[in-house]
Each structure stands twice: as C-alpha cells, then as structure tokens.
Amino acid sequence: MTGGLSLTRRRSTLDAMSSIERRTVLGGIGAVVASNAQTRPSASGLHYDSLLEVADRIRRKEVSPVELAHSQLDRIDQLDPKLNAYQLVLRERAMARARQAEAEITAGNYRGPLHGVPIAVKDLLFVKGVATKGGCKALASFVPDYDATVVRRLESAGAIILGKLNLNEGAMAGYHRDFAVPRNPWDANRTPGLSSSGSGVATAAGIAYGTIGTDTGGSIRYPSSANGVVGLKPTYGRVSRRGVLGLAPSLDHVGPMSRRVADAAAMLSAMAGEDPDDPTSLSAAVPDFAKELNKGVKGMRIGFDDKYATAAIPQYMADAIRRAVRELEKAGASVVEVKLPDMDENVLAPWFVLTGVEAAMEHARTFPSRAGDYGVFFRMLLENGSKTPAVEYAKAATTRAEFNGRLRRAFAKFDVLACPSTVGEAPAYDPAQAYGGQDTAAGTVCGVPLSWLGGSGRFTTPYNYSGYPTLSLPCGFSPDGLPLSLQLVGRPLAEDLVCRAGFAYESATDWHRRHPPV
C-alpha cells in the first residue's frame with residue numbers, strides 16, 4: 001500500500017510493548033505521521049471522516065487498516081482520559097485484526113465496506129475471552145466464552161473492534177461508582193445521553209468510525225440526540241440479541257450509531273439477519289441498505305402530527321422539526337397530516353413495570369444475592385421488579401398490546417413518521433449525581449432532568465413497545481450551540497424507508513458535517 005507499509009514497519013516494535021510503554025513512545029511517532037501527511041493522506045487526519053469515506057480509502061489502498069487503527073488508538077489515548085467513552089481498549093486484539101485485514105486486502109481479498117474499519121461496541125456485547133461488565137460491579141468477573149452474534153458478524157465483514165464502551169449500569173439510567181461517566185464532547189457539563197452514552201460520545205468525538213448501542217426505552221436515541229450523531233434502532237428481531245446482556249428482553253434492540261446515515265445503513269446490513277441461536281430473530285431477507293439510499297423519497301408519505309411533535313417542547317426544537325419536514329417535502333415526499341394515539345402517563349408508565357420485572361429476571365443470578373454490589377438506581381429498579389405482582393405485569397403487557405394495535409392503525413396511513421428524538425438539547429447536569437438515584441426535589445433522575453428524560457418518553461417508549469425501526473439524525477443546533485435530533489419512524493422491517501428519508505434530509509443539509517471541539 002502506498003506509504004502504508006513503511007509506517008507499519010516503523011511501528012512494528014510498538015505492538016510488542018506494554019500499554020504504558022506505547023503511550024510514552026507514541027508522542028515521538030506523531031512527528032513521523034505528520035511528515036508522511038505532506039505526501040499522502042494521513043490516517044491521523046481522518047478521524048471525522050465517515051465510515052464509508054475511510055472504507056473507500058482502504059479499498060483504493062490510500063490508507064492501510066494498520067495506519068487507521070493506530071491513528072484511532074492514538075486519538076483514544078489523547079482524548080478518552082477526559083471523555084471516558086471506553087471501558088476497555090482492546091489494543092493488541094485490534095492491531096492483530098488490523099494486520100490481518102491489511103494482509104487480506106493487499107492480497108486482493110477485500111470483504112466489503114467494513115473491512116479494516118475501526119469501530120467499537122457497547123460493553124453489553126460479548127467478546128470471547130474479554131470481560132463483559134454491563135456497567136455492573138456484580139458482573140465484573142464475567143468472561144464469556146463466545147462472541148455475540150453481532151460481534152461475530154461485524155468481524156466477519158472485516159471490522160476492527162477497538163474496545164468496549166461505557167454505559168449506564170445494567171443499561172438503565174444511573175452509573176455504578178466503579179465505572180467512569182462518559183462526558184459529552186460538545187460540553188462536558190451536559191448529559192451524554194443514557195445507556196449507550198459511551199457509544200454516542202465515541203462516535204461524536206471521532207474515536208470510532210461507528211459504534212454499537214442498545215435501546216430498551218431510548219438508549220440509542222437519547223445519546224444520538226445529545227451527541228449529535230446518527231442512531232439506527234432496527235425493527236425488534238432484525239438484529240440478533242444472542243450474546244448481549246439484557247435489560248428487558250421483550251423491549252431490547254441492538255443497532256448501529258455513526259456520523260452518517262449511509263454508515264449506519266452499511267453497518268446494519270452486516271449485523272442483521274436471522275440467527276438460529278436467537279429464536280426472537282426474524283427470518284426476513286436483509287437488503288443492502290446503503291444501496292437503497294439513492295432511491296430518494298419521491299412519492300414517499302411522511303406522516304406528521306404537529307401536536308404530538310411540537311407540544312411542550314422549546315420553540316427552537318419545534319422550529320427545527322418543522323423545517324426538517326419541509327426539507328423532506330422539497331425532496332419529493334408528500335407530507336400527510338395524521339393523529340397518533342394518545343401517549344399519556346397511563347400508556348407510558350407501564351414501561352417501568354415491564355422493564356423492572358424483566359430486568360429482575362435477567363439479573364436473578366446476582367440479585368438479590370449480591371444486592372450490595374449494585375448502584376442506587378439500578379438496585380431500586382431490581383427491587384421493585386422482583387416484588388411486582390404478576391397481575392400488575394399482566395396489566396402493563398395488556399396496555400402495551402392495546403397501544404400497539406392503535407399505533408399500527410395510525411401507521412397504515414403513511415410510510416415514515418417524522419418527530420423529535422428528544423424534547424431538545426442535552427440538558428446541563430452534574431456527572432457526580434449520575435451515581436445517585438431519583439431526586440424529587442431537584443426534579444432529576446441520576447442527575448438528568450426529568451423534563452428532558454421523561455418529557456422525551458413519548459418519542460421513545462412507543463417504538464420500543466411496538467418494536468418499530470427508528471432513525472435519529474442531526475437536524476440543527478440550539479441557541480446554546482448544542483445538537484438537535486430528528487427521528488424518523490417506520491413500520492416493521494421498513495429500515496430501507498427510514499434510511500432513505502434520513503439520507504435525503506442529510507443530503508439537503510450540512511448538520512452532519514459539524515463536529516464537537518475535540
């Protein structure tokens with residue numbers, strides 16, 4: 001590869017060094033990378049490129065997987081001590097995979113757009129022989145003996161996994177004190193979102209070209225919104241959950257997070273598909289979602305319920321969503337005025353019952369036997385869930401089923417729904433409070449204002465109930481200069497439509513080209 005192999009040889013001794021030794025030596029290597037940049041594209045300058053942009057450079061042998069992995073690891077060394085996105089960096093493993101990818105590509109065995117591209121996964125996903133903690137002290141010694149299906153499929157496509165990403169304890173709301181709280185790269189004193197916070201931070205800060213998140217009640221969409229990235233929550237069952245620590249299995253989704261819609265589409269194609277080891281996975285054929293994007297939105301019906309989308313949110317957010325809908329209309333879609341079913345407290349509150357009971361089931365091996373190893377908020381959820389009467393769970397399940405029926409009828413009138421991902425910009429919060437519980441006087445849960453967290457529930461919870469696919473993507477900035485997020489929702493297995501609509505909107509705007517000051 002042009003220039004790449006010389007840099008590989010120059011750095012070969014680093015791979016044999018300890019992590020501490022590498023951090024010391026890498027400062028001197030920076031000058032070598034900088035000098036190379038004068039004659040060829042330098043991997044160190046590509047951190048904000050899209051996944052597919054760097055994939056094309058790899059395919060054309062303008063940059064090597066080894067260079068790219070080293071560059072990302074260097075940037076993690078530089079930024080992550082402050083950002084706390086990574087729970088564990090798999091340095092040696094990543095470099096071994098990068099060398100393998102480089103050898104394959106040099107030999108002409110190119111696997112596709114993920115081949116040689118560095119990504120990272122939320123620390124709910126099993127990586128064989130690597131501790132999977134899920135943000136829980138109680139699980140700190142758990143080491144799986146197989147890879148999650150998602151991990152296996154991504155690596156089969158050639159992706160390089162840089163490490164495991166931090167998250168809320170058990171993928172819920174608060175953090176355990178044994179784990180660092182990720183910091184929003186746009187403003188360290190703003191929430192980074194919820195459970196997939198490390199995934200959102202790493203993607204936004206350019207320390208992974210794509211990441212994997214999970215979503216039980218908004219945990220792909222909250223951090224996508226807070227960090228200004230793209231988050232794709234697929235149809236329930238579209239992506240296997242085998243080898244993924246569960247929060248509430250009937251609500252859990254696994255999906256990609258990226259800086260561009262096309263990147264998320266490409267990742268989904270690699271991840272999705274029936275898994276014989278996950279009986280809840282769907283047998284539907286998996287298209288090449290990225291190839292579908294150029295079909296555009298001409299003739300597509302965009303559903304819009306103005307009251308649902310804009311009531312009780314800041315004016316700047318309402319204006320951003322209305323502008324986004326107009327852009328889709330200009331791109332050729334027709335806007336259909338619709339009325340969605342009511343989403344009041346009676347509909348949304350049962351989510352906590354369902355989640356609490358199912359979480360207690362998932363943690364039965366360690367709770368209550370190791371209750372003292374759990375943090376404040378998650379312990380409260382498990383305690384409540386373990387004490388919930390069967391009749392209460394049944395009522396919650398019935399509410400969910402009835403709501404899903406009403407939602408299905410509403411969605412028959414359009415192809416894709418447009419609404420916010422959250423009620424507005426990431427709110428200010430004190431990360432130290434993220435280790436606590438609910439503060440009724442302050443109106444916060446684990447430091448996050450209920451006005452943002454609970455207020456956004458009508459945009460998140462319904463599509464976990466229904467399992468419908470959602471796409472979140474940047475749609476502007478608040479007066480404080482923080483990202484805003486548009487959510488597009490489709491019927492089951494309509495990821496191609498939501499991605500086409502998202503791509504059309506992204507192509508007409510430049511919000512995705514703006515990055516945090518890191």
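Start at arginine 60, which is partly exposed at 42% relative accessibility. Keep in mind throughout that this is a predicted model.

**Stop 1: arginine 60 and its partners**

Select aspartate 56 together with arginine 60. The two form a salt bridge, and their closest N and O atoms are 2.8 Å apart. Aspartate 56 is also partly exposed, at 26% relative accessibility. Hold this pair on screen; the wider network around it comes at the end of the next stop.

**Stop 2: more salt bridges**

How many salt bridges does a search of the whole structure find? The count is 25. Two further pairs deserve a look.

Go to lysine 295 and glutamate 292. They form a salt bridge with closest N and O atoms 2.8 Å apart. Is glutamate 292 buried or exposed? Glutamate 292 is buried, with a relative accessible area of 17%. Lysine 295 counts as exposed, at 53%. The cut-offs explain the labels: buried means under 20%, and exposed means over 50%.

Next, select aspartate 373 and arginine 370. Here the closest N and O atoms of the salt bridge are 2.9 Å apart. Aspartate 373 is buried at 18% relative accessibility. Arginine 370 is partly exposed at 33%.

Now return to the starting pair and widen the selection. Asp49, Asp56, Arg57, Arg59, Arg60 and Glu62 belong to one network, joined by salt bridges that share partners.

**Stop 3: threonine 366**

Select threonine 366. The residue sits in the loop between helix H14 (350–362) and helix H15 (376–387). Threonine 366 is buried, at 10% relative accessibility. Which residues does threonine 366 touch, not counting those up to four places away in sequence? The contacts are Ala138, Leu139, Ala371 and Tyr374.

**Stop 4: the eleven-stranded sheet**

Switch to a cartoon view. Eleven strands make an open sheet with mixed pairing. Trace them in this order: S1-S3-S2-S4-S6-S5-S13-S14-S9-S7-S8. Which strands stand at the edges? They are S1 (86–89) and S8 (334–337). Each has a single partner strand, so one side of each is left without a neighbour in the sheet. Look along the sheet to see the twist: neighbouring strands are turned by 30° against each other on average, direction ignored.

Zoom in on S13 (residues 470–477) and S14 (residues 483–490). These strands pair in the antiparallel sense over seven bridges. Select phenylalanine 477 to find proline 483 of S14 standing opposite.

Add helix H9 (residues 261–271), which packs on the sheet. H9 touches four strands: S4 (211–215), S5 (230–233), S6 (253–258) and S13. The direction of H9 makes about 140° with that of S6.

**Stop 5: the three-stranded sheet**

Move on to another open sheet, with three strands in the order S10-S11-S12 and antiparallel pairing. S10 (438–439) and S12 (448–449) are at its edges. Each of these has a single partner strand, so one side of each lacks a neighbour in the sheet. S10 pairs with S11 (residues 444–445) over two bridges, in the antiparallel sense. To locate this pairing, select aspartate 439, which stands opposite threonine 444 in S11.

**Stop 6: two crossing helices**

Show helix H12 (residues 315–330) and helix H19 (residues 495–508). Their axes come within 9 Å and cross at roughly 100°. H12 is therefore roughly perpendicular to H19. Turn on side chains at the contact. H12 contributes Ala324, Glu327 and Leu328, while H19 contributes Ala501, Tyr505 and Ala508.

**Stop 7: the cysteines**

Finish with the sulfur atoms. How many disulfides does the structure hold? The number is zero.

Select cysteine 446, which is in no disulfide. The nearest cysteine sulfur belongs to cysteine 136, 13 Å away. Cysteine 446 is buried, at 1% relative accessibility.

Then select cysteine 475, also in no disulfide. For this residue the nearest cysteine sulfur is that of cysteine 419, 11 Å away. Cysteine 475 is buried as well, with a relative accessible area of 2%. A disulfide would need the two sulfur atoms within 2.5 Å.

Definitions and conventions
Residues numbered from 1 in each chain as written. Predicted model: local features only at pLDDT ≥ 70, side-chain atom pairs only at ≥ 80, totals over all residues. Heavy atoms only, no water. Pairing = 2+ DSSP bridges. Axes fitted to C-alpha atoms, helices over the stretch in contact; angles between N-to-C directions. Contact = heavy atoms within 4.5 Å. Salt bridge = Lys/Arg side-chain N within 4 Å of Asp/Glu carboxyl O. Buried < 20%, exposed > 50% of the residue type's maximum accessible area, 1.4 Å probe, protein only. Parallel < 35°, antiparallel > 145°, perpendicular 65-115°, else oblique.
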